[in-house]
There are 4 protein chains.
Amino acid sequence: MTVRFGVLGAGRIGKVHAKAVSGDAHARLVAVADAFPAAAQAIADSYGCEVRTIEAIEAADDIDAVVICTPTDTHADLIERFARAGKAIFCEKPIDLDVGRVRDCLKTVAETDGKLMVGFNRRFDPHFMAVRQAIEDGRIGDVEMVTIISRDPGAPPVDYIKRSGGIFRDMTIHDFDMARFLLGEEPTIVTAHAAVLVDPEIGTAGDYDSVSVILETASGKQAIISNSRRATYGYDQRIEVHGSKGVVSAENQRAVSIEIANGEGYTRPPLHDFFMTRYTQAYANEIASFISAIETGTPITPSGADGLAALALAEAALRSVKEKRQIAVEL
Amino acid sequence: MTVRFGVLGAGRIGKVHAKAVSGDAHARLVAVADAFPAAAQAIADSYGCEVRTIEAIEAADDIDAVVICTPTDTHADLIERFARAGKAIFCEKPIDLDVGRVRDCLKTVAETDGKLMVGFNRRFDPHFMAVRQAIEDGRIGDVEMVTIISRDPGAPPVDYIKRSGGIFRDMTIHDFDMARFLLGEEPTIVTAHAAVLVDPEIGTAGDYDSVSVILETASGKQAIISNSRRATYGYDQRIEVHGSKGVVSAENQRAVSIEIANGEGYTRPPLHDFFMTRYTQAYANEIASFISAIETGTPITPSGADGLAALALAEAALRSVKEKRQIAVEL
Amino acid sequence: MTVRFGVLGAGRIGKVHAKAVSGDAHARLVAVADAFPAAAQAIADSYGCEVRTIEAIEAADDIDAVVICTPTDTHADLIERFARAGKAIFCEKPIDLDVGRVRDCLKTVAETDGKLMVGFNRRFDPHFMAVRQAIEDGRIGDVEMVTIISRDPGAPPVDYIKRSGGIFRDMTIHDFDMARFLLGEEPTIVTAHAAVLVDPEIGTAGDYDSVSVILETASGKQAIISNSRRATYGYDQRIEVHGSKGVVSAENQRAVSIEIANGEGYTRPPLHDFFMTRYTQAYANEIASFISAIETGTPITPSGADGLAALALAEAALRSVKEKRQIAVEL
Amino acid sequence: MTVRFGVLGAGRIGKVHAKAVSGDAHARLVAVADAFPAAAQAIADSYGCEVRTIEAIEAADDIDAVVICTPTDTHADLIERFARAGKAIFCEKPIDLDVGRVRDCLKTVAETDGKLMVGFNRRFDPHFMAVRQAIEDGRIGDVEMVTIISRDPGAPPVDYIKRSGGIFRDMTIHDFDMARFLLGEEPTIVTAHAAVLVDPEIGTAGDYDSVSVILETASGKQAIISNSRRATYGYDQRIEVHGSKGVVSAENQRAVSIEIANGEGYTRPPLHDFFMTRYTQAYANEIASFISAIETGTPITPSGADGLAALALAEAALRSVKEKRQIAVEL
């Protein structure tokens with residue numbers, strides 16, 4: 001079986017997915033749509049597919065699945081439309097910035113018996129997958145404490161930040177998903193601290209750039225998350241899971257691993273400086289997993305419910321900062 | 001000048017300090033006291049000093065300084081007595097489990113113009129000193145986020161735990177001191193989460209064994225602390241300080257650093273399994289710093305006020321757990 | 001410009017190159033040839049190209065370049081035929097097992113003004129490229145000592161070994177090329193020691209499985225090479241270059257970089273277990289470099305002369321072992 | 001039992017051993033001798049022992065053992081004298097620069113039934129001991145290939161070099177001993193290459209500063225040694241042993257292990273810059289082993305024969321360079 005794809009949105013992340021689909025032996029890229037025809041055409045030229053409108057893709061008989069890479073505020077609507085159209089849906093995170101809207105959208109997906117995968121790409125990073133596998137294999141016993149340190153090389157433009165829903169919904173949301181992926185039990189309490197240490201403009205835009213979060217589960221397992229919109233040394237992405245029998249961690253990744261030593265010391269190059277090069281393999285694995293789930297009819301993970309849960313944690317974290325107190329959550 | 005010492009308490013840590021004093025070219029071990037004469041005699045035999053009573057050391061003309069290694073509940077009284085006796089005082093942490101008692105004790109020290117150093121040995125670990133030095137040298141710019149992961153190889157006996165004042169006053173207190181040492185600004189808010197994940201007996205004793213803490217300063221700098229009374233792989237002691245220009249971290253230490261590789265992978269030995277071997281150099285540096293401060297008349301650090309501040313953070317953390325809310329502190 | 005390719009030989013390494021050509025935006029895979037039509041057809045199916053005979057490719061107007069992945073004993077003949085046919089040639093190493101035959105072949109290439117690249121893929125490994133770049137950037141000053149440790153996860157079948165020309169021509173040849181790539185000066189003396197420590201059958205076949213080599217240049221720079229046909233922990237490929245100002249080294253690579261710690265210690269997974277996964281990026285970079293050299297008309301490296309030089313060093317090493325003495329070489 | 005010591009020679013290394021003896025609970029430092037009385041007095045003052053002449057120590061009833069730290073050209077004579085005087089002898093390497101003289105000296109030791117330990121301190125480094133232990137524990141199976149990289153932070157003064165016997169007898173000798181310690185089988189062939197790359201004055205003095213050596217045993221095991229009198233990044237001391245089941249290696253050591261990351265990369269401090277700080281623990285372990293062997297009457301290792309064997313390998317290496325050929329040795 002070959003899964004036939006339409007890609008909606010021909011921006012940066014759309015290109016990543018178009019390439020992943022094209023390169024997958026079990027898939028075929030049929031069409032791409034974008035509000036800017038030139039952007040769609042560029043993808044079409046590179047990968048030998050057609051440019052179509054969203055409506056045409058929605059109505060197409062020769063398309064089984066879509067990848068939604070359009071702006072966030074269109075995600076929920078498109079999910080609903082394509083769920084009704086019977087297409088399998090891969091949607092970039094987040095489904096929406098509003099928990100209520102997400103719930104409504106997922107209701108439609110459920111009613112239409114839709115297939116929906118949400119783009120938490122980090123679950124498909126080979127190193128993080130291996131961490132999870134080590135846990136499942138019992139290598140560290142019962143999970144007790146999760147530590148996630150996640151720092152971006154630099155802050156996005158303030159314009160982006162204004163539309164992003166804030167650092168918890170835009171950046172920490174990946175870590176919330178990762179914490180859930182690793183804890184093996186839902187968080188029930190969220191405490192967050194946040195500050196503007198990197199760029200005052202971010203504060204002026206109503207957001208934060210440096211945050212610390214503790215998640216606690218019903219049985220007392222704890223996850224701590226440390227985020228910064230600044231990391232001079234590259235894209236810092238570390239996870240560590242401490243359990244009753246040991247600890248497992250994933251090291252940071254760099255494009256080139258040499259070491260130069262002289263009188264100043266021993267120096268290795270900075271880390272990857274961009275999420276796309278850091279997570280190249282993760283993006284490919286992610287789409288392959290989506291295709292495989294469609295082919296085999298197995299449940300799709302991460303699901304819409306996973307998207308909702310991470311968003312709910314983000315909302316709780318924001319409330320924790322605003323109200324200066326712990327927030328109970330029920331996922 | 002040679003600083004002449006009496007050591008009070010001939011237990012495990014008393015021996016460490018007696019050895020450090022004996023081996024220091026600027027100091028001489030004159031006498032040791034202990035409620036168990038045999039313990040004192042053992043030290044006297046090893047290092048060629050006298051056994052005396054605490055009273056005799058208090059009154060002695062040939063002793064300039066004392067090292068207090070007796071049980072915690074005697075610390076404050078002994079500090080007051082020896083401050084009045086005009087001896088320089090090194091006291092193992094904590095001064096007392098009660099903040100009020102510590103305040104009173106420090107008042108006496110101040111009134112007698114006493115010299116008091118509190119035993120936060122980790123400040124003298126060569127690696128942690130180098131981290132602090134890197135900050136002072138401007139290598140990472142302004143400090144923004146501190147991460148401290150501190151796990152003991154195993155929990156102490158429950159009997160000890162019952163007298164310990166709880167994990168925050170007994171174990172995390174070192175991390176509170178380290179956070180203050182590194183943040184460069186006093187914490188003003190403490191949030192803590194705590195659970196019993198390692199040993200239910202610890203819970204029965206009214207304590208916790210797994211805790212997560214966030215400290216926040218007035219300007220928004222944040223420190224996160226992760227503690228566990230369990231670490232199957234040795235004594236886990238890591239610090240990391242993230243700043244505007246970079247990050248500095250101290251690696252874990254092991255007694256033997258070889259690596260064996262085979263079909264199972266690449267394996268390095270576990271870490272030090274005991275705080276005394278992990279911090280051998282720190283203990284020696286600590287006493288040397290105390291001696292040097294006496295000789296040169298320079299201020300002693302960490303001071304009684306540092307001991308008080310760390311204890312106040314520990315109390316706040318405990319209240320945060322009990323009252324499930326953030327606690328404001330004024331140090 | 002698009003470089004149009006034929007691939008000769010549809011075995012393991014032929015597939016690697018067919019994929020690399022297909023995935024390169026500046027190239028197009030037109031045809032593939034193999035003595036076993038089914039093998040050729042499999043590649044044709046995967047990448048949408050034609051199956052043709054070698055003769056047809058030789059005569060084709062729509063093919064600019066060929067990749068020679070056929071058995072070693074056909075390399076020199078095919079190079080000569082395709083040089084005369086005016087195609088650019090990428091040939092897997094070695095050109096031939098006999099230095100005299102290689103010299104003749106390169107003479108034909110020169111006479112026909114042919115373009116020939118020899119497949120020393122390791123020069124294109126990102127990490128080794130970065131080592132070379134560090135040298136060129138003056139980061140370690142003048143090169144003095146090169147250390148190459150290269151161990152295979154396991155020995156190839158004895159049948160292969162019998163046809164391989166022996167460990168020096170088959171395995172160490174890569175390290176001879178790497179030493180030349182890094183030394184910046186031609187070796188003039190070769191000393192080699194060799195033994196059978198891994199598998200007596202290898203000895204019965206007249207070969208060795210464990211060798212140590214020293215190369216020395218006219219100015220006294222030295223390279224040492226350590227080879228084994230056994231490495232239980234994966235594909236061990238390390239280089240280190242020591243110079244007047246410092247040292248640069250390339251670390252081993254593993255597919256997954258997690259670390260698990262418990263009472264046994266800290267364990268990272270084994271290395272890549274196969275040269276194709278270890279050098280995936282190198283193979284892609286290699287073909288891209290070949291394509292780029294064709295497009296831009298710049299000299300092709302590594303050239304036929306590089307292939308000859310490495311083979312001459314291999315022959316000298318073998319003579320050194322056989323004759324138990326140092327061998328002078330003139331490259 | 002307490003072993004009573006005299007130390008002969010109060011220079012740099014004499015101080016190291018005087019301190020080690022003083023700090024050992026099973027030993028007592030009784031006397032020290034030196035041609036310069038002031039040097040001897042300094043040690044006497046530091047450790048509370050007497051200054052005596054060598055003759056007085058030779059004749060003394062209250063001295064059981066001596067540590068010979070005088071200039072190399074006095075070693076053999078002193079060993080003979082103190083062997084005849086019935087003292088246990090620890091002698092710094094080498095016994096003599098001349099193999100014939102060493103043989104004669106060892107004959108005297110044998111005739112007098114003397115106890116002699118030669119100061120190959122590296123055998124007592126905790127990390128190298130752990131490597132050897134791993135081999136003995138069967139962790140890597142049968143030893144096949146040993147790799148030793150040993151580089152000094154800088155060349156000694158040319159005056160020293162002139163008296164040193166040359167790099168093989170002065171520096172590589174440690175590596176020859178280490179190779180024997182790890183190979184588990186005597187080398188039978190030595191090949192060495194040597195050059196002057198660091199300092200032309202060293203060449204003028206008739207010595208080399210950059211050498212590569214291969215040792216081969218009868219069964220084909222191989223050790224490679226790479227030496228340089230230069231290492232801008234500190235005292236580089238690495239060993240690796242490859243066996244049939246795996247590989248074991250000892251990492252380099254640094255005084256402070258922090259890491260600073262910024263846009264330039266991840267930097268750890270240089271290594272120890274001096275053999276005395278690098279091998280502090282080794283020196284203490286070495287004397288403790290000597291004392292223990294005297295106390296328990298067990299054989300002393302490394303013995304005079306070990307000293308002779310390493311020297312014989314050094315001579316063979318020098319001959320290999322001079323005669324440009326492999327040299328057979330019989331140890």
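**Notebook: two interfaces and a cavity**

I began where chain B meets chain A, and the rule picks out 18 residue pairs in polar contact across that interface, both partners at pLDDT 80 or more. Note to self: this is a predicted model.

**Chain B against chain A**

Next I looked up which parts of chain B do the touching. Five strands of chain B, β7 (143-151), β8 (187-195), β9 (210-217), β10 (222-228) and β11 (236-243), each give at least two residues to the side that touches chain A. I then sorted that side of chain B by class and got 15 nonpolar, 17 polar and 10 charged residues.

How many residues are in contact here? I found 42 from chain B and 42 from chain A.

I also wanted an area. The size of an interface is often quoted as the accessible area lost when the parts come together. For chain B and chain A, I noted about 3,300 Å² buried, with carbon and sulfur atoms giving 55% of that.

Then I went for the salt bridges, and the rule finds six across this interface. I pulled up E240(B), which forms a salt bridge with R151(A). Their closest N and O atoms are 2.9 Å apart.

**Chain D against chain B**

I ran the same kind of lookup on chain D and chain B. The contact takes 23 residues from each of these two chains. About 1,800 Å² is buried between chain D and chain B, 52% of it on carbon and sulfur atoms.

How many salt bridges does the rule find across the interface of chain D and chain B? I got zero. Polar contacts do turn up there, with 10 residue pairs, both at pLDDT 80 or more.

On the chain D side, α6 (126-136), β12 (247-250) and β13 (258-262) each supply at least two of the residues that touch chain B. By class, I wrote down 12 nonpolar, six polar and five charged residues for that side of chain D.

**Empty space inside**

Last job: cavities. Rolling a probe the size of a water molecule over the atoms shows where empty space is left. I counted six cavities of 30 Å³ or more in the structure, and the largest has a volume of about 50 Å³.

Which residues line the largest cavity? My list includes R122(A), F128(A), D175(A), M178(A) and Y279(A). I checked the elements too: β7 (143-151), α8 (167-183) and β11 (236-243) of chain A each supply at least two residues of the lining. From β7 (143-151) come residues such as I148(A) and I149(A). The lining divides into six nonpolar, two polar and three charged residues.

Methods. Residues numbered from 1 in each chain as written. Chains lettered and ligands numbered in written order. Predicted model: local features only at pLDDT ≥ 70, side-chain atom pairs only at ≥ 80, totals over all residues. Heavy atoms only, no water. Contact = heavy atoms within 4.5 Å. Buried area = accessible area lost by both parts, 1.4 Å probe. Salt bridge = Lys/Arg side-chain N within 4 Å of Asp/Glu carboxyl O. Polar contact = N/O pair within 3.5 Å; in protein donor to acceptor, adjacent residues only side chain to side chain. Helix = DSSP H or I, 4+ residues; strand = E, 2+ residues; numbered from the N terminus. Nonpolar A, V, L, I, M, F, W, Y, C, P; charged D, E, K, R; others polar. 1 Å grid on protein atoms, 1.4 Å probe; cavity = no way out; pocket = protein on both sides within 12 Å on 5 of 7 lines; lining within 4 Å. Points joined across faces, edges and corners; volume = space filled by probe spheres on them.
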